[in-house]
Amino acid sequence: MLTLACRGCCCGTSKHPDVDHDAHLDALHAVSPNLEITPCLGPCRWSNVVVAIEDDGTQHWFAKILSDHDIGAVTRWLADPTGARPSHLEQTPPRPDQDRAAQVATLARARLRHPLGQAAR
């Protein structure tokens, strides 16, 4: 599974001064070996956004992650995706945002397959 953490115009910024954004990223890194920090994924009204993308392309959007409880719910699911998703944070974004996330995921997966300095086979 690939995890996208939006850190664009609103997510991960001073828009939410009471959120420890670095601690949230640390929590995501701990359970998501394939974590990609991305520019704005939209929709900004939902900041802070995390998107989990399964190998088959299925997207799970988690929005308004503004507390340790919220990031804990997301990271517990990422650590064990067979469990119940944190539905209180789950959203369905507009199609252009889904397409943007899919494009970012394609680029991220390419980087994971062929890190800098390693030739493609």
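Colleague: What makes the contact between Glu36 and Arg111 a salt bridge?

Modeller: The term requires a side-chain nitrogen of Lys or Arg within 4 Å of a carboxyl oxygen of Asp or Glu, and in this predicted model the side chains of Glu36 and Arg111 meet with N to O at 2.1 Å, so the pair satisfies that definition. The pair links distant parts of the chain, with Glu36 in strand β2 (residues 35–38) and Arg111 in helix α3 (residues 95–113), 75 residues apart; helices (H or I, at least four residues) and strands (E, at least two) are DSSP runs, numbered from the N terminus. By the salt-bridge rule the count comes to 4.

Colleague: Why is Glu36 called buried, and how do you know that Arg111 is partly exposed?

Modeller: Buried means under 20% relative accessible area, exposed means over 50%, and partly exposed lies in between, using a 1.4 Å probe and protein chains only. Glu36 has a relative accessible area of 16% and is therefore buried, whereas Arg111, at 45%, counts as partly exposed.

Colleague: What is the basis of these values?

Modeller: The model is predicted, so local features need pLDDT of at least 70 and side-chain atom pairs count only at pLDDT 80 or more, while totals for chains, interfaces and linings use all residues. Residues are numbered from 1 along each chain as its sequence is written, and side-chain values use heavy atoms, with hydrogens and water left out.

Colleague: How do you know that Arg95 and Asp99 form a salt bridge, and how are they placed in helix α3?

Modeller: Their closest N and O atoms are 3.1 Å apart, and because they are 4 residues apart in helix α3, about one helical turn separates them. An α-helix has 3.6 residues a turn, so residues three or four places apart point the same way. Arg95 has a relative accessible area of 55% and is therefore exposed, while Asp99, at 33%, counts as partly exposed.

Colleague: Why is Asp97 called buried, and which residue meets its side chain in a salt bridge?

Modeller: Asp97 is called buried because its relative accessible area is 8%, and its partner is Arg100, with N to O at 2.8 Å. Arg100, at 31%, is partly exposed.

Colleague: What makes the span of helix α2 agree with expectation?

Modeller: The expected span is 1.5 Å times one less than the number of residues, so the 12 residues of helix α2 (residues 68–79) should span 16 Å, and the end C-alpha atoms are 16 Å apart, which agrees. The buried residues of α2 include Ile71, Val74 and Trp77.
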